[in-house]
Amino acid sequence: MIEINSSDFRVREGRQVDLKKWPTQVDPVYKNIRQYREVLGAHTEALSKQQQLLYASNSNALLLIFQAMDAAGKDSAIKHVMSGVNPQGCQVFSFKHPSMIELQHDFLWRTTRNLPERGKIGIFNRSYYEEVLIVRVHPEILRAEGLPNGAPDERNIWRDRYRSIVNLEKHLHRNGTRVIKFFLHLSKEEQRKRFLDRIETPEKNWKFSAADIEERKFWNQYMKAYEKCLSATSTTQAPWYVVPADDKLNARLIVSRILLEHLGSLQLSYPKSSAARRRELRSLRAQLKE
């Protein structure tokens, strides 16, 4: 098995991202399906243990953000990587088009309501980053958001939104929430193959719509929006990882390895009992033995 070096996929703070230079496929870190299952199983077991420590220590939270083009494998990555985690300690939120109520608030409001509490893992399947991605590609959405002072200044609004996002993530980090962000980097050709598979496989028809084809026409605009976003918002405290996504199995192993490294860096441990607590436990044990 090839060792996974997470730094190969991390966007360094201040780096200008050119996605044409970031691969959508790398050499697989597994030799065959059997080894893939063994490695993923080892990763999910280790994640389960780390999640228990996170919950017991009750001092940190973990926020995972997944962004990608359609059919990149966000749902399946979340499903397989987090398969061993206790559901009580993990919540997944998917963000679609904002409701009328959500549009009456600032662009961060609807997602910050669902931030994970200490001891838990929160997963955003799409996130507040949609406000500098799809909204940038489709500025008519921005103009419909009812921003103050009339028509938005589209020269400055993206800079200001990046600043708001970075400040939010720094605030979260200072208060114990670690933010890890994954961009599943899919090639346009692989997306075409997966769309065809959704059409040709009856059980997958529900995943596909004409809107997917329409959005595909904006591929180049989306790549530019992602490049600007990744460049402006990847920080030491809340890094972006550009994960090659043409091979779904490989992507899952890379994501799970990165999660384990971040959880391990927290150096979590179970709470230690005080002398008073140990005396209480001995008293309770004596009562149970009577």
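Between which strand and which helix does the loop that holds R126 lie? Keep that question in mind while you take in the whole molecule, which is a predicted model.

**The whole protein**

Show the entire chain as a cartoon, and you should be able to pick out 12 helices and five strands. Taken along the principal axes, the C-alpha atoms fill a box of roughly 75 × 55 × 40 Å. Of the 290 residues, 49% count as buried, and if you switch on a surface, you are looking at about 15,800 Å² of exposed area, 49% of which is supplied by carbon and sulfur atoms. The chain also brings distant parts of the sequence together, since among contacts between residues at least 6 apart in sequence, 80% join residues at least 24 apart.

**The sheet**

Next, select the five strands, which form an open sheet in the order 2-3-1-4-5, with parallel pairing. Strand 2 (90-94) and strand 5 (240-244) stand at the edges, and each has a single partner strand, so one side of each is left without a neighbour in the sheet. If you look along the sheet, you can follow its twist, for neighbouring strands are turned against each other by 20 degrees on average, direction ignored.

Now narrow the selection to strand 1 (residues 61-68) and strand 4 (residues 177-185), which run parallel and are joined by eight bridges. As one place to look along this pair, select I65, which stands opposite K181 in strand 4. Add helix 7 (residues 157-174), and you will find that helix 7 lies across strand 1 and strand 4, running at about 135 degrees to strand 4.

Move on to strand 5, which runs parallel to strand 4 and is joined to strand 4 by five bridges; here the bridge partner of F182 is Y241. Is strand 5, at the edge of the sheet, mostly covered or mostly uncovered? Strand 5 is mostly covered, with five of its five residues buried. Show the side chains to see how they are arranged: W240, V242 and P244 point one way from the strand, while Y241 and V243 point the other way, and all are buried.

**Two loops with positive phi**

Return to the opening question by selecting R126, which lies in the loop between strand 3 (121-125) and helix 5 (134-137). Phi of R126 is near 70 degrees, a positive value in a residue other than glycine. That deserves a pause, because most residues other than glycine have a negative phi. R126 is also buried, with a relative accessible area of 15%, which is under the 20% cut-off.

For a second case, select A71, which lies in the loop between strand 1 and helix 2 (74-81). A71 is not a glycine, yet has a positive phi of about 75 degrees, and at 8% relative accessibility A71 counts as buried.

**Helix 2 and helix 4**

From A71, go on to helix 2, where K74, S76, A77, I78 and V81 are buried. Display the surroundings of these residues, and you will find that what covers them includes helix 1 (33-57), strand 1, strand 2, strand 3, strand 4 and helix 11.

Then select T111, which lies in helix 4 (residues 109-112) and counts as buried at 1% relative accessibility. Which residues is T111 in contact with, leaving aside its neighbours within four places in sequence? The contacts are F95, F124, S127 and Y128.

**Helix 8 and its cover**

For the last stop, select helix 8 (residues 188-200), where you can check a length for yourself: at 1.5 Å a residue, its 13 residues should span 18 Å, and its end C-alpha atoms are 19 Å apart, which agrees. Colour its buried residues, which are E190, Q191, R194, F195 and R198. They cover an arc of only 140 degrees around the axis, which puts them on the same side of helix 8. What covers these buried residues includes helix 9 (210-216), helix 10 (219-233) and helix 11 (248-265).

Finish with A210, which is found in helix 9. Is A210 buried or exposed? A210 is exposed, with a relative accessible area of 60%. Draw a distance line from A210 to F195, and you will see that their C-alpha atoms, 15 residues apart along the chain, are separated by 11 Å.

Terms used
Residues are numbered from 1 along each chain as its sequence is written. Side-chain values use heavy atoms; hydrogens and water are left out. Helices (H or I, at least four residues) and strands (E, at least two) are DSSP runs, numbered from the N terminus. The expected span of a helix is 1.5 Å times one less than its number of residues. Buried means under 20% relative accessible area, exposed over 50%, partly exposed in between (1.4 Å probe, protein chains only). The arc is that of the directions from the helix axis to the C-beta atoms. Contact means heavy atoms within 4.5 Å. Two strands pair if DSSP finds at least two bridges between them. Axes are lines fitted to C-alpha atoms, for helices over the stretch in contact, and angles run from 0 to 180 degrees between N-to-C directions. Accessible areas come from the Shrake-Rupley method with a 1.4 Å probe; for residues, only the protein chains shown count as cover.
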